[in-house]
Amino acid sequence: MCSIFNLQKSIEIEDCRELLLPESMAYTVSPAPSVPVGPQYCVCKVELSVCGQNLLDRDVTSKSDPFCVLFMEVNGKWTEIDRTETAVNNLNPAFSKKFIIDYRFEEVQKLKFALFDQDKSSMQLYEHDFLGEFSCTLGTIVSSKNMTRTLLLGNGKPAGKGMITISAQELSDNRVITLSMAGRKLDKKDLFGKSDPFLEFYKPGDDGKWMLVHRTEVIKYTLDPVWKPFTVPLVSLCDGDVEKQIKVVCFDYDNDGGHDFIGEFQTSVSKMCEAQDAFVVEFECINPKKQKKKRSYKNSGIIIVKSCKITRDYSFLDYILGGCQLMFTVGIDFTASNGNPQDPTSLHYINPMGTNEYLSAIWAVGQIIQDYDTDKMFPALGFGAQLPPDWKVSHEFAINFNPTNPFCLGVEGIVQAYSSCLPHIRFYGPTNFSPIINHVARFASQATQQESATQYFILLIITDGVISDMDETRHAVVQASKLPMSIIIVGVGNADFAAMEFLDGDNRMLRSYTGEEAMRDIVQFVPFREFRSAPKETLAKAVLAELPQQVVQYFKHQNLPPINSEPA
């Protein structure tokens, strides 16, 4: 894993080359020199913990009920990322909800922490009283690890004596711990009922004080609660040290925020991990004040660890650094609906500046996505054109006209092959997506026989948006969703892209014409026209938005860890 506190580490991954052979155009892998993976490949997760001190009191009959909202600057605008829970009747809250952010070495990530006093159940922030805010970069927090700053009002003046403390923790340890907890015969704290118990988990902080890590849900009206299983990063719970002491505190929930203390105990993850299968681990819940006052005092109930499991939550980066090869293919639409390439109104017409929307899309997407391809040798295919010498229609031809080596070296190679092939082909039709999708899917299917996370296939299709074989394409996508494969579609021109958006199953899962539902969403569609005036990085980020998640989702579903991964 990379370290954001030590950038001197260098990592190398094995390079590879895919060869697309004639007729079957089969992929093979042969050794090639390794290439270093720089910081741009290394996106680490950072966990931010937030505490408030001496917050403004906005409530008349009680204290404020604060919650914290994290914003990140995106394209010059503040965008909400996440919110903490609400701390009832508390001017010095320690929020148990953590903010987890991808730390990117090559980007300046501006953050804003805003605190509000919750007055209503509304999600609209203007419905709540503003308590102050603090802005900085993520890099500043990371370099400080722990920082306390003054909260400011909208006019830039201090928000009373309000302060905010932000602590950063690198989640380079990808282990997570899942705990199932229960209680038995807890003390009764409510006068007219039983108790409403919940648990809080603490670890020792660098300052010697206990730091809140997790809070369970409240179980109403019971002395024998069974809490829902929960999962937290192991580094959050015990800094990754299974022998480190942690403290578990049991409270009886009160609506006014003055929760009644039931009891506590200290243990370690290694001790809790003794709870396996049918064997549980029990701890006496002790109230020290009662223990001192009463000689006959035994405990305030029993807290039970029903199960404790440590597993690894693998990321996209884990699979890439583990040696997974991204087999990248480009598919270009050469159908007649694009117009005659000699006509200035054609989408394939290369203007005096040497570009068109196809080339712009290739450059914008290719320059970023090539970093995910180890050797930057891309098989570039065309579809929907008549080819010399017999002028038969083909839906999967090498645009460099070299079926024994259809690879193009980098984005420049794709652009050169594309420009060179235009005068030598006849735009025709129909616009059939299914052949090129099935073509790549065949090799993705072969990769599943390896039963390891070694290959993932990505098909980038650039098209003008008119699909002729929609039923066949839907069926091909549904079948491909079972394979290590993703499809990225960039729509050029001003056509109606409703069909493309239908394939992108963000709002509902795609179904085949047979009624079969896709196993997962593998299509990401982006209309180029929405990014014509935007920096090319904006288009690239939109195109790649779902890809890491799709890669991880597939391998996790197949229970395939990264190659050479360490056991939890």
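How many salt bridges does a search of the whole structure find? The search finds 19. A salt bridge here is a side-chain nitrogen of Lys or Arg within 4 Å of a carboxyl oxygen of Asp or Glu.

Before selecting anything, note the ground rules. This is a predicted model, in which local features need pLDDT of at least 70 and side-chain atom pairs count only at pLDDT 80 or more, while totals for chains, interfaces and linings use all residues. Residues are numbered from 1 along each chain as its sequence is written, and side-chain values use heavy atoms, with hydrogens and water left out.

**Stop 1: R215 and E85**

Select R215 and E85. They form a salt bridge, with the closest N and O atoms 2.9 Å apart. The two residues are 130 apart along the chain: R215 is in strand β13 (residues 210-215), and E85 is in the loop between β5 (77-83) and β6 (99-104). Helices (H or I, at least four residues) and strands (E, at least two) are DSSP runs, numbered from the N terminus. R215 is partly exposed at 28% relative accessible area. E85 is partly exposed too, at 21%. The cut-offs are under 20% for buried and over 50% for exposed, with partly exposed in between (1.4 Å probe, protein chains only). Now add E200: E85, E200 and R215 are linked in a network of salt bridges.

**Stop 2: strand β4 and its partners**

Show β4, residues 66-74. Seven of its nine residues are buried. β4 pairs with β7 in the antiparallel sense, over seven bridges. Strands count as paired if DSSP finds at least two bridges between them. Pick V69; its bridge partner in β7 is A114. Turn to β5, which runs antiparallel to β4 and is joined to it by six bridges. Here L70 has D82 as its bridge partner. β4 and β5 form a hairpin with two residues between them. In the turn, N75 has a positive phi of about 55°.

Stay with β7 and select K112 and E133. Their salt bridge has its closest N and O atoms 3.9 Å apart. E133 lies in strand β8 (residues 129-137) and K112 in β7 (residues 110-117), so the pair ties together parts 21 residues apart in sequence. Is K112 buried or exposed? K112 is buried, with a relative accessible area of 14%. E133 counts as partly exposed, at 22%.

**Stop 3: helices α9 and α10**

Move to α9, residues 470-480. R474 and D471 are three residues apart in this helix, separated by about one helical turn. They form a salt bridge, the closest N and O atoms being 3.4 Å apart. R474 is buried at 17% relative accessible area; D471 is partly exposed at 38%.

Which residues does F502 touch, not counting those up to four places away in sequence? They are M470, R474, R508 and L510, where contact means heavy atoms within 4.5 Å. F502 lies in helix α10 (residues 498-503) and is partly exposed at 28%. The C-alpha atoms of F502 and R474 are 9.4 Å apart.

**Stop 4: aromatic rings**

Select F497 and F525. Rings of Phe, Tyr and Trp (its six-membered ring) pair if their centres lie within 6.5 Å; planes under 30 degrees apart are stacked, over 60 edge-to-face, and the rest tilted. By this rule there are 20 aromatic pairs. F497 and F525 make a tilted one, 5.3 Å centre to centre with 55° between the planes. F497 is in the loop between β27 (485-491) and α10, and F525 is in strand β28 (residues 523-527). F497 is buried at 2%, and F525 is buried at 8%.

**Stop 5: helix α12 and the core**

Finish at α12, residues 547-557. Its buried residues include V551, Y554 and F555. Ring pairs link Y314, Y319, Y456, Y554 and F555 into a cluster. The largest nonpolar core has 53 residues, and F555 is one of those with the most contacts inside it. Such a core is a set of buried Ala, Val, Leu, Ile, Met, Phe, Trp, Tyr and Cys residues joined through side-chain atoms within 4.5 Å. Apart from this core lies another, of 32 residues, M470 among them. Last, select N559, just after α12: its phi is positive, about 55°.
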